[in-house]
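Visitor: I have the sequence and the model open side by side. Could you take me through one part of it closely, and then show me how that part fits into the rest?

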Amino acid sequence: MADDLIHELAAGYALDALGPDEERRFEVHLAHCARCQADVAAFLETAAELAFASPPAPQPAGLRERILDAAQREGARVVVVRPRWAYPALFAAAAAACLALGFGVWAAILQSRPAPAGALRTLPVRGAAAGSVVVAPGGAAALVVSGLAPPPAGKTYELWVMRGTSALPAGLFAPRSRATVVARLSRRVPPGTRVGVTLEPAGGSARPTSRPLVVSARL
Amino acid sequence: MPVSRDLAHLSDEAVVALAARGEEAALAELYDRYGTACYRLARRIVRDPALAEDVVQEAFLGLWRGAARFVPERARASAWIMTLVHRRAVDVVRREERRRTVPLGEQYDEGLGDSAERVVWLRLERERVQRALAELPDQQRETLELAYYGGFTQSELAERLGRPLGTIKSQMFAGLQNLRGQLEAQTKEGSWRTT
């Protein structure tokens with residue numbers, strides 16, 4: 001029954017109409033539900049059609065040039081793409097993570113999905129939770145852990161990509177229970193770095209204000 | 001730019017693949033194909049012209065950065081581009097809280113600064129989607145439009161429309177399914193007529 005209801009969220013997900021908590025809950029479900037994966041893929045296409053029903057508006061002068069200038073300044077730097085279009089990497093990452101956590105069935109289902117070129121790396125974590133960081137080729141990564149307590153009121157967990165004594169913020173997450181949580185990193189994980197988790201004031205910090213509770217092995 | 005002329009014959013997906021290799025001419029080509037549609041969508045959602053410009057710029061830069069990860073087997077490139085714009089625009093209205101009160105304002109003529117072909121194409125596309133939307137039951141259409149163009153979450157819609165959250169979720173699901181069916185039916189009709 002509850003499972004039937006969660007399938008319906010595929011539509012809200014494709015329309016960007018879920019609240020943040022529900023979106024994360026659905027993404028965890030999506031990682032192992034073939035039916036929702038198919039629904040989301042079809043619904044994303046349908047939702048995008050709605051774009052074309054927008055009324056005319058005068059095209060801003062110079063926008064094309066501004067975009068091309070900005071792109072040129074950036075070069076061909078590859079950073080993390082919108083998560084919902086990164087399915088193959090995410091599925092493969094989740095599959096590897098499930099294996100690491102001992103969820104053999106999930107992993108078996110997920111591995112029937114096309115995997116990205118190149119080898120996934122799974123980095124075990126130590127500290128306040130069990131699990132791993134899975135790094136896809138190119139550095140997109142997700143932390144998959146269980147046993148992490150929900151943060152106290154006014155606090156959040158923050159992810160970090162750490163090299164030596166420096167740490168760069170890589171996103172916030174706040175599990176509601178000690179169940180398995182999948183937290184995507186908003187930043188690539190380059191070779192030679194580790195992923196860490198600290199407890200920070202709500203809204204996150206620009207640099208860690210406490211010692212990491214969870215640290216991964218070095219990539 | 002002489003290179004971009006050559007790209008005109010390539011599929012969207014092929015152009016995205018070139019962008020993934022860092023070819024700026026490919027990004028320019030994608031802007032020429034979808035920039036107008038992107039800006040219209042951004043404008044409809046965020047209303048403010050300057051914010052809409054930012055949305056389109058960020059979406060195209062996201063496309064530039066993420067092109068290597070695009071998987072053509074899973075989606076059409078145009079749908080991916082529109083999804084990038086939509087996501088960004090919704091993030092903006094949720095942050096700015098502007099969509100609820102600001103009216104859409106003046107209506108514009110189509111085609112300022114666009115080629116005649118593109119103006120016609122955009123008008124046909126618009127009519128096609130509007131016809132499909134018109135076939136939906138009122139409540140389903142309303143739910144889809146407020147979610148997609150208004151940036152409202154399902155919980156916000158439940159409150160605003162005075163319907164149970166479960167009803168909103170079902171209506172959204174049924175609405176998208178219906179819309180998909182309508183659009184597919186139109187495609188079939190269209191191709192029947194031309195053959």
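Guide: Let's begin at Ala42(B), which touches Ala52(B), Val55(B), Val56(B), Val85(B) and Ala89(B), leaving aside residues up to four places away in sequence. This is a predicted model, so please read everything that follows in that light. Ala42(B) and one of those partners, Val85(B), touch the most other members of the largest nonpolar core, a set of 108 residues. H3(B) supplies 13 residues to this core, the largest share. The core also draws at least three residues from each of domain 1 (1–108) and domain 2 (115–195) of chain B.

Now follow the chain onward to Arg47(B), which sits in the loop between H3 and H4 of chain B. Its phi is near 70°, a positive value in a residue other than glycine. Is Arg47(B) buried or exposed? Arg47(B) has 20 other C-beta atoms within 10 Å, and because 20 or more count as buried, Arg47(B) is buried.

A little further on comes Pro49(B), a residue of helix H4 of chain B. Pro49(B) has 15 other C-beta atoms within 10 Å and is therefore partly exposed. Not counting residues up to four places away in sequence, Pro49(B) touches Arg43(B) in its own chain and Pro60(A) in the partner chain. You can also look back from Pro49(B) to Tyr39(B): they are 10 residues apart along the chain, and their C-alpha atoms are separated by 9.0 Å.

That touch on Pro60(A) leads us to the contact between the chains, which takes 65 residues from chain B and 49 residues from chain A. On the side of chain B that touches chain A, the elements giving two or more residues are helix H3 (24–46), helix H4 (49–66), helix H5 (77–96), helix H6 (116–134), helix H7 (138–150), helix H8 (154–161) and helix H9 (165–194). H3(B) again has the largest share, with 12 residues on this side. Sorted by class, the side of chain B that touches chain A holds 32 nonpolar, 16 polar and 17 charged residues. For the complex, the predictor gives an ipTM of 0.88 and a pTM of 0.64.

Across in chain A, have a look at Asp16(A), in the loop between helix H2 (9–14) and helix H3 (20–30) of that chain. Asp16(A) has a phi near 55°, which is a positive value in a residue other than glycine. Asp16(A) counts as buried because it has 21 C-beta neighbours inside 10 Å. In the helix that follows this loop, H3(A), the residues Phe26(A), Glu27(A) and Leu30(A) are buried. Viewed down the axis of H3(A), its buried residues fall within an arc of 105°, so they line one face of the helix.

Finally, step back to chain B as a whole. Its secondary structure consists of nine helices and zero strands. Buried residues account for 43% of the 195 residues in chain B. Among contacts in chain B between residues at least 6 apart in sequence, 65% join residues at least 24 apart. As for confidence, the mean pLDDT of chain B is 84, with 81% of its residues reaching 70 or more. Over residues 191–195 of chain B, however, the pLDDT is below 50, and this stretch has zero contacts in the model beyond near neighbours in sequence.

Notes. Residues are numbered from 1 along each chain as its sequence is written. Chains are lettered from A and ligands numbered from 1 in the order in which they are written. This is a predicted model: local features need pLDDT of at least 70, side-chain atom pairs count only at pLDDT 80 or more; totals for chains, interfaces and linings use all residues. Two residues are in contact if their C-beta atoms, placed from the backbone, lie within 7 Å. Helices (H or I, at least four residues) and strands (E, at least two) are DSSP runs, numbered from the N terminus. Ala, Val, Leu, Ile, Met, Phe, Trp, Tyr, Cys and Pro count as nonpolar, Asp, Glu, Lys and Arg as charged, and the others, Gly among them, as polar. A residue is buried if 20 or more other C-beta atoms lie within 10 Å of its own, exposed if 12 or fewer, and partly exposed in between; C-beta atoms are placed from the backbone. The arc is that of the directions from the helix axis to the C-beta atoms. pLDDT is the predictor's confidence in each residue, from 0 to 100. A nonpolar core is a set of buried Ala, Val, Leu, Ile, Met, Phe, Trp, Tyr and Cys residues joined through C-beta atoms within 7 Å. Domain bounds come from an automatic or database domain assignment.
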